[in-house]
Each structure stands twice: as C-alpha cells, then as structure tokens.
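Got your viewer open? Let's take a walk through this chain, one selection at a time.

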Amino acid sequence: MSILGHRVLRKEDSRFLRGEGRYVENLPLDGAVAVTFVRSLLAHARITGIDTTAAQALPNVQILTAADMELGPFGPPPFPGLDPGMGRPLLAVDRVRFVGDIIAVVVSDDRAVGVDAAELVAVDYDPLPAVVDPHEAAKDEVLLFPEAGTNVAARSGSPEHDEKLFDGCDVVVSGTLVSQRMAPCPLEPRSAAAAVGPDGRITAWLSTQTPHQDRMVIAGTFGLDPAQVRVVAPDVGGGFGAKMLNVEEVLLVWLARRLGRPVRWTETRSESMVALPHGRAERLDFTIGGTREGKVLAYRLAALQDAGAYPVLGAFLPNLTALMASGVYAIPRIEFEGRSVVTNTTPISAFRGAGRPEASQTIERALDLLAAELGMDPAEIRRRNFIAKDAFPHTTASHAAYDSGDYEGALDLVLRSVGYDELRDEQRRRREQGDTTQLGIGISTYVEITNGVDETEFGEVEITPDGGAIVRTGSFSHGQGHETTFAMIAAERLGLPVEKVTVHKGDTDEIAKGTGTYGSKSTQIGGAAAGLAADDVVEQAKRLVADYLEASPTDIVLDPALGRMHVAGDPSTAISWADLASRASDDGRLAELKAEREFKSAPSFPFGAHVAVVEVDTETCRVELRRLVAVDDAGTLINPLIAEGQVHGGVATGVAQALYEHVVYDDDGNPLTGTFVGYAFPSAADLPSWEAVEMETPTPLNALGAKGIGESGTIGATPAVHNAVVDALAPFGVRNVDLPANGENVWRALQEAKA
Ligand code: MCN
C-alpha cells in the first residue's frame, strides 16, 4: 500500500517540540558583532546632517552611513516598464521615503550597546510633504523620485474602455473593494548573519525562503562568481511570502566584507512591522453586468496598487490580479487596468496569496452584489456561471489557462457540509423576529494559481551506506513540512519506510540548484523532481542488482512493499536496499545509486469553496465568526494531515484579513500599527475551529497529480467571511462593509445605510 495520501505525522516536529530547531539567531558564530539599523523616523524628508559623535563615544561601536557606501541602489527588479531609477539606496542618500528607511548602521560588540548607540545617532531632517494615499500619489503632486517625474511605477492591462463592454446586460452593478495593507508577522522575525573566509568566500546565513536565488543576487551585487557565495538557511519560522532577499541582508554581507568580521542582525518585532515588506494594499473598482437570469456577461476591473516607497514585487501584484480576475466563472468579456504607485510607506511585496486574493475578494463581492440586485441566492448565481467540469483545460477571458477543476462539485460539497438550507432557515427566523444578533452566511468559490510562472525545480536522491536515502531539494520549507512530504514521495518510489528518508534543503553548497519556496509551487515541481530522481535511482539500482544476480536489468523488479529487488517471479533471492548499499559501498559503486532531476511545469489551478457563518450584533456592531467550512482542492494530496494544517493556517490568515488586520498610517506617514498592541493580529483564542473538507481533483501536469495548497485557505476565506458580514446586514440596506469587517467598519456601514 502506498504511503501517499496518508496522514503521516510531521518528521520535523520532534525537533521543534524539543526546542532543537536551529535559527540564524542561535547558530554559533565565533566573534560575531551585532548590527543595529538606524531607521528613519519620518516618512518623507531630506537628510541635512547625520551626527554620530555621541554614538561613537560608546565602547566598541562603529557607525557607517551612505558616505561609506560604494554600492548603488538595490533594485528595482528588472520587470518591464519599471523605472530603473526607483531603486532603493542601501543606506539613504539625502532623502528618506518611509518610516523605516535605513539611514545608518551601527556595528557593536554588544548588541545592547548597539541599540543605545543607534538612538544616539542624531539625524537632521528637512521634512517633505508625505503622500500616503495611493490616489493622492497618482496625482503626482508630491513626487518620491522627482527624476522619474511620476509616482506611477508600473502599469498593466489597458486604460482603454470598450464602450460596448456591458451591451446586452440587463443589470449592471459597481463597487469598490480595498484589499487592505497587511503585515506578514512571521513568528520568527528576519535574521541574517554573514562571514567572509580567508579566501574571500562569503557565507550568509539567512532566514529566507529562497537560498539559491539569494546567492545569485548577493553574487550579482558584489560582482562575484556565484561559487564565491554560500547561502545557508537553517530552520526558518515562517515567511508567508515576505522573506526574500532585501537591503538588510545585502548590508550584512557588505559589512562582513568591509569589516572582515562575522556580523549578525535579528529584527525586533516592532522593526519587523515597519521594515519587513507588507502585503495587499490594492484598491479595486469593479463593474459587473449580466442578464436577468443571472448570467454574467461582462466584468471591468481597475486596480490601484500601493507599491510602498520602493517598487519591488508589490508593483506587479496587479498582473496576477488581472490574470485571475475571472475566478471560477465563464465570463465572456473582461477588461482590466492596473496602476502601481509609490507612496511614503513600507514597500509592498508578496504576502500569502500575493495578487490572487485581491482578484477573488473582488469577483466574489461582485457576484454577491449582482445576486442581491437580482434577488437571487448567492449559491444559485454561482452555479449559473461556473466553468463546467467538462470544459477543462479552459482559458479565461483574462488569459489564464486552467488545468482541471470541478467548481460546482466543490460548492455542492461545502453547502452540504455546512447545512446551508438549515442556516438560511435560521437566518430567516432571526430576521423575522428582528433579533439584535443577525446571522450572516457568506459563500466564496475560488480558483488560484500555483507555480504561476512555469518554474523549474531541482531534486536529487541518494542512497546512503546504511540503505536509507537522502532527498536534496531546491525547494525550501519554512513551516510547510517538506521534510515529511518530500520524504514520503521518495519513500513511496523506493519502497523504503519514510523514517529511512531524510530531506536536506537550504544550503547552496550541498544542493546544486534551486528556486526556493513561494507561490505554493514546491510540491508540484520540487516534490515531482524528487519523485523523478527517486525513479531514476530505482532504475540504476536495478542495473546494479542485475550485475549482482547475474540477470538482465529488464528482469529485475522492485517490491515496493518490502523495499527489495529481485528477478521477476523469484523473490527468494531478493536484495534489500540495505544489502545493496552495503555491497555497493564495498565495491566502490555507491555513487551509482544517486540521481538528479529537474522538473518544469505549467501553472496549476487549485480551487475550492468556503462558507462562513457569522453573527453580527446590530447594536454593538460586534462580529463573531461562528463557523468556517472550507473545501480546498489541491489535486491529489501527498499528506492530508499536512495539507489540512496548511488550510488551517491559510484560513486563519484569510479570516485575519476579513475581520482583524490592517496596517494604518496617519496622513504624515507615521505607522499607527507598529506593534502588536495596535495591530490586530488574531490569536487562536479569537478564531473558531475550522471545518476542512477534503476534495481531490488531480492535475494532469505532474505525475503526483498535485497542485499547491499553501495559499488556498487564505484566498477562499476572506471573501466568504466578508460576504457573510455584508449578508448579516442586508436587511438594513447595507451593500458593503470595508475590510477588515470589524466592529468599527460595521458601525460605519450601518450609519451610511441609515443616512
Ligand atoms: N501538500 C500535499 N499535497 C498537495 C499539495 C501540498 O500534501 N497536493 C503539502 C506539501 O507537500 C507541503 C505543504 O502541503 O508539505 C505545502 O505545499 P505547497 O502547496 O506545495 O506549498 P509550498 O511548500 O510551496 O509552500 C508555499 C506556501 C506559501 S506561498 C506561503 S506564503 C506559505 C505557505 O506555503 N507560507 C507559510 N504555508 C506556510 N506555512 C507555514 N507554516 N509558514 C509559512 O510561512
């Protein structure tokens, strides 16, 4: 029986539960000095002077500023249309553009002394007007990069409107959805260390998701051959898309080279809240039109993305929103226009979902609005517009080529699981009785894209002298459980117990290549590559066994249940992996039991349906999420336990956006949510237990049949909860509640409806 599809406990958890996880902060690093960043306290200002005298007076402290920096700005990424002049100086030169911009670095033997010294660095600012609202930024009145002549960093889609887009529509509704700015809040904040060997070779220990890509960027930045750089990512306590190489890590390498000493820095939580890139921050104006029968004919979407002070990945999120605009629906005509603008705020980058939640949050609100206008049940309008189960592969009007799906099946399953009809009955009763606590039921049916840009991943499998196996992968697990699932994939192919397979990752000296982990692509490409490498090892092993048994390799078979190879039909002379490895070791032939593979795939499209049930107290405006039932179909599941864990975490993030989290700035660009006191980061106590329901529709794109699951819960949950809150308030004439749909925004929506 195959181990795949079984709820195998996570191999890595024993290490974590015993406190044996190894993070950058607790790696032994002899003689490492501490790095503290002096960050801007103003959102937009000219720097007219930096006085380090008092700080330098502290013991064993050194301070460096832009005057010491020989490197040019970091970024922006070489995306088409992006003004190359919008790069970020590693240390601010003359001007700061957000609270958190780095002005100077303090290097100290003692970290506490470094923190004191940083506070003593006196910066003279000449304040400039700050622009925080992307709409204001788009007016180009206050420019962040005067040389660029505009704050618009990138455009996508087309500004042209087709006047006939809504021809033939009986009903047309419009609205706006602001997918609010969020902070990724990984449990382990960022951390980095760097050292230079006697030969000038750099080692960087990074809390990252992408060790191999980081090596390339570091090598490129310092004009080195990539072989001169080693990146090691030990255990990483979460990343959620935000932990990709940034200025801080580059500065650490720069300091190690310049000082000839190992250096280390670990972000504080409040530093993380302003310095680690944020996510979302996209405003979407939509118009949807359809027939009286509820058939959607046309959809127009205009996205205004706040890219933050320096355009990085965030500037390109509208491209993903555009691609996924159609959701699970067969919409004949779609028009999209996207603009990304720079503002005096923390840069925006990827955050769990990155561009796709924005698409599904919008189309799911639009569908509900249209249903309300037509007096139709939200489940029914969805049914009337789904891309049919037999229509795959299917290319949408927004140019996404969906691989496989069963959207109506997911909706049926979630409605059955939640008891939809009974809930509607209860809702009706409460409405009729005029209860102060109203029930809201929200549906979202979503599709998302994983491995969005046809990436390739590397996998290697090697049999060890004791007959176990090592999997080396270019993917990088930072909470996702690859040490278990990738071991399961190889174990199944090799016929070994999963305990005998160890997964290695994150050290660029040990793993030949890799792209890392983001976009929920690891299993479908990294897992698939590991599986193919294991297949190759089996074929190579058969040749070795054939030599030992004096048979033809084509006659040798692997008994996957016992992990033994023998001549077909003659199990009596079988050779186990342990025997084979031992004999091959003695003969100097163990290297024959090792194979490398790369696997490239087109994107896959996981999908699902969520139903949220909320209670809204119409007097106090308190919102309570009572239930959330989630059907998330990620194709064939490798490990349903881990997949469920991913759904749980993902749903928590989605609910956090729907009800709690919002990074807020004042008009001068001061962050008002710079700590967990002001930023409503929910804990388990704030959330109900999720009800996750399995559904598996394999993809034809890889031999595992697996799509991604890491971001699905997030993408499905927000619109379900959002729709539920609006649904609860429908009898009061409420058509929209801003995100997060918390007490304050519910109160505002009720006041507006009354007015
Ligand atoms: N899996 C499975 N069957 C499938 C698909 C996945 O059993 N059909 C398993 C995988 O083998 C893996 C896990 O589920 O152990 C997630 O796999 P996958 O969907 O391939 O996603 P990635 O491993 O590429 O993870 C990336 C994704 C992203 S983009 C974000 S953001 C995110 C997430 O994963 N950040 C996380 N989950 C996170 N979980 C934790 N704990 N911490 C983060 O920072």
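Before we start, one term you'll need: two elements are in contact when they have heavy atoms within 4.5 Å of each other. Keep in mind, too, that this is a predicted model.

**Stop 1: the whole chain.** Zoom out and show everything as a cartoon. The secondary structure comes to 18 helices and 28 strands. The radius of gyration is 27 Å, close to the 27 Å that the globule rule gives for 755 residues, so the chain is as compact as a globular protein of that length. Along the principal axes, the C-alpha atoms fill a box of roughly 85 × 70 × 45 Å.

**Stop 2: a seven-strand sheet.** Now look for an open sheet of 7 strands with mixed pairing; reading across, the order is S3-S5-S1-S12-S9-S10-S11. Which strands stand at the edges? Select 61-65 for S3 and 229-232 for S11: each has a single partner strand, so one side of each is left without a neighbour in the sheet. Turn the view to look along the sheet and you can follow its twist, which averages 20° from one strand to the next.

Next, pick out S9 (residues 191-196) and S12 (residues 263-266), which pair in the antiparallel sense over 4 bridges. To see one of the pairs, click Ala-192; its bridge partner in S12 is Trp-265. While you have the side chains on, here's a handy rule: in a regular strand they alternate between the two faces of the sheet.

**Stop 3: helices lying across the sheet.** Select residues 211-221. This is helix H5, which lies across S10 (202-206) and S11 and runs at about 145° to S11. Then select 247-259 for helix H6, which lies across S1 (33-39), S3, S5 (102-108), S9, S10 and S12. The angle between H6 and S9 is about 25°.

**Stop 4: strand S2 and its partners.** Select residues 45-51, which make up S2, and add 95-96 for S4: these two pair in the antiparallel sense over 2 bridges. Here Ala-45 stands opposite Val-96. Now add S6 (residues 122-127), which pairs with S2 in the antiparallel sense too, over 6 bridges. Click Gly-49 and look in S6 for its bridge partner, Asp-124.

**Stop 5: H16 against H17.** Time for some helix packing. Two packed helices are described by the angle between their axes and the distance between the axes. Select 640-660 (H16) and 712-729 (H17): their axes come within 7 Å and cross at roughly 40°. That makes H16 oblique to H17. The crossing is right-handed. Show side chains at the contact, including Val-647, Gly-650 and Leu-659 from H16, and Gly-713, Ala-717 and Val-725 from H17. What classes of residue are there? Colour them and you'll get 8 nonpolar, 8 polar and no charged residues.

**Stop 6: H9 against H17.** Keep H17 and add residues 356-374, which form H9. The axes of H9 and H17 come within 9 Å and cross at roughly 30°, which makes H9 roughly parallel to H17. H9 passes H17 in a right-handed crossing. Among the H9 residues to show are Arg-356, Glu-364 and Asp-368, and on the H17 side you can pick Ile-715, Pro-719 and Asn-723. In this contact the residues divide into 4 nonpolar, 5 polar and 4 charged.

To finish, show both H17 contacts together: Thr-718 and His-722 of H17 are listed among the residues that meet H16, and Thr-718 and His-722 also meet H9.

Technical notes:
Residues are numbered from 1 along each chain as its sequence is written. This is a predicted model: local features need pLDDT of at least 70, side-chain atom pairs count only at pLDDT 80 or more; totals for chains, interfaces and linings use all residues. Side-chain values use heavy atoms; hydrogens and water are left out. Axes are lines fitted to C-alpha atoms, for helices over the stretch in contact, and angles run from 0 to 180 degrees between N-to-C directions. Angles under 35 degrees count as roughly parallel, over 145 as roughly antiparallel, 65 to 115 as roughly perpendicular and the rest as oblique. A crossing is left-handed if the near helix is turned anticlockwise from the far one by less than a right angle, and right-handed if clockwise. Ala, Val, Leu, Ile, Met, Phe, Trp, Tyr, Cys and Pro count as nonpolar, Asp, Glu, Lys and Arg as charged, and the others, Gly among them, as polar. Two strands pair if DSSP finds at least two bridges between them. The radius of gyration is taken over C-alpha atoms; the globule rule is 2.2 Å times the number of residues to the power 0.38.
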